[in-house]
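Work through the exercises below with the model open beside you. Try each task before reading its solution.

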Amino acid sequence: MPAHSIEYPHMPFSQFRIQESPRDVRPDGFPVDAPRQDQLKYVLQYAALAPSTHNSQPWLFRVTDASFFLIADRSRGLPAIDPEDRCLTMSCGAALRNLTLALEALGFSFRVSRFPDLSEPDLLARIDIESRKRTDVDTSVLECILARQTSAPQHLVLPPSAGALSRIQSEVADRGATLVMLRREDLDLVLQFDENNRDDALVLAREEAMWRHPNRIRSRDGIPGGVKQTATSFCGNSGGAVFGVLTTSGDRMLSWLQGGVALESGLVVATRENVGVSLCSMPLHRAHVRKDVGEALGLGGTPQVLVRLAQARDYPAPPTPRRPIVDVMVHPGFTG
Ligand SMILES: Cc1cc2nc3c(=O)[nH]c(=O)nc-3n(C[C@H](O)[C@H](O)[C@H](O)COP(=O)(O)O)c2cc1C
């Protein structure tokens, strides 16, 4: 048994031992002979590695031996910064994409239903496993999910290759969103909108402080390090970095979920292409600002998150923490 493995204390039926942190998952460690439900718990570790706003990891999963149910954990929302749970929903979309990427890599066939029960708005998706049609494992995809990391903007200064950029853009497009590249004057306009639409700074700062902590090194969520990123610092000292904005065709829950799927798909391809990416959603938290920015820039869709892309280099930044999957699984007896 690996040194850092734990059992599910409240799931006595489980015989599968799992890594304490999803970061310790091994791409060559799929438990081929384990019962199906335990195999799905292995897959769940990749979902838990998804990026999320403020590393809030706002997802819950119910796992049976044939299905995953992805549930929004609104107790992890940021009501001042993200008043509509837009970024929360996008984060869940990113987790959904990791889940389906891992299932594909492991040879599973499956079916995804988004918002399968409209009377349950927190139930974002249901993933039904059909069979395992291949037994070979594409570990390269699993390795990219594991290696993906959001970069700090100040490290992103070398121009990415045009080829890599267009592969990222076409991946995002394949997943139902658009990555529109922005010129300097477009960014200046977004910054101007940001300047004109500042919310109560103290309220935002308080909420930010709950998730961005300089000293809680044992935390399994939130962002270690005390430096707060602003839209201005995100856009500054760009060197050869390029900027874009991910847009969706609508601006409701389904579009946000889809936007998160497309975002993570692009980020995993960026990892494969050795492109570092930094994200900035702050200026776009209000619906009227998204509408105005979309119109002013002629985007043809709703802007959801700004991206800064550059050739990746090796940085000492430690990976952000994750909760063990036992913390993101809904107890089988829970009916709330
Ligand atoms: C929808 C969404 C919005 C985000 N917005 C921001 C942002 O405004 N500023 C920022 O620094 N990071 C942003 N991030 C990145 C998260 O902070 C990052 O994913 C999280 O800290 C986990 O770290 P990791 O991506 O390195 O695993 C965002 C991520 C998502 C999924």
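**Exercise 1. Find two paired strands.**
Task: Strand 10 and strand 12 pair in which sense, and over how many bridges?

Solution. Start with strand 10 (residues 242-248) and strand 12 (residues 302-311). They pair in the antiparallel sense over seven bridges. Two strands count as paired if DSSP finds at least two bridges between them. Helices (H or I, at least four residues) and strands (E, at least two) are DSSP runs, numbered from the N terminus. Now pick one bridge: phenylalanine 243 has arginine 308 in strand 12 as its partner.

Before going on, note the ground rules. This is a predicted model, with residues numbered from 1 along each chain as its sequence is written. Local features need pLDDT of at least 70, side-chain atom pairs count only at pLDDT 80 or more, totals for chains, interfaces and linings use all residues, and side-chain values use heavy atoms, with hydrogens and water left out.

**Exercise 2. Build the sheet around them.**
Task: In what order do the four strands of this open sheet lie, and which strands stand at the edges?

Solution. The order is 7-10-12-11, with antiparallel pairing. Strand 7 (178-182) and strand 11 (275-280) stand at the edges. Each has a single partner strand, so one side of each lacks a neighbour in the sheet. Next, take the twist: neighbouring strands are turned by 35° against each other on average, direction ignored. Axes are lines fitted to C-alpha atoms, for helices over the stretch in contact, and angles run from 0 to 180 degrees between N-to-C directions.

Then add the helices. Helix 5 (residues 184-196) packs on the sheet and touches strand 7, strand 10 and strand 12. Contact means heavy atoms within 4.5 Å. The direction of helix 5 makes about 100° with that of strand 7. Helix 8 (residues 253-272) lies across strand 10, strand 11 and strand 12, at about 150° to strand 11.

**Exercise 3. Trace the other sheet.**
Task: What is the order of the strands in the open sheet that contains strand 3 and strand 5?

Solution. The order is 3-4-6-5, and the pairing is antiparallel. Strand 3 (59-63) and strand 5 are the edge strands, each pairing on one side only. On average, neighbouring strands here are turned by 20° against each other, direction ignored. Seven bridges join strand 5 to strand 6. In one of them, phenylalanine 110 meets isoleucine 129 of strand 6. Helix 1 (residues 36-47) packs on this sheet, touching strand 3, strand 4 (67-72), strand 5 and strand 6. Its direction makes about 165° with that of strand 3. Helix 8 packs here too, touching strand 5 and strand 6.

**Exercise 4. Follow one salt bridge.**
Task: Which parts of the chain does the pair of aspartate 128 and arginine 111 tie together?

Solution. The two side chains meet in a salt bridge, at 3.6 Å from N to O. The rule asks for a side-chain nitrogen of Lys or Arg within 4 Å of a carboxyl oxygen of Asp or Glu. Aspartate 128 lies in strand 6 (residues 123-132) and arginine 111 in strand 5 (residues 108-114), so the pair links parts 17 residues apart in sequence. By this rule the count comes to 24 salt bridges.

**Exercise 5. Describe the domain interface.**
Task: How many residues from domain 1 and from domain 2 take part in the contact?

Solution. First, set the bounds: domain 1 (5-147) and domain 2 (153-311). These come from an automatic or database domain assignment. Their C-alpha centres lie 23 Å apart. The contact takes 34 residues from domain 1 and 37 residues from domain 2. Across the interface, the rule finds four salt bridges. On the domain 1 side, helix 2 (86-105) and helix 3 (139-147) each supply at least two residues. Helix 2 gives the most, with eleven residues.
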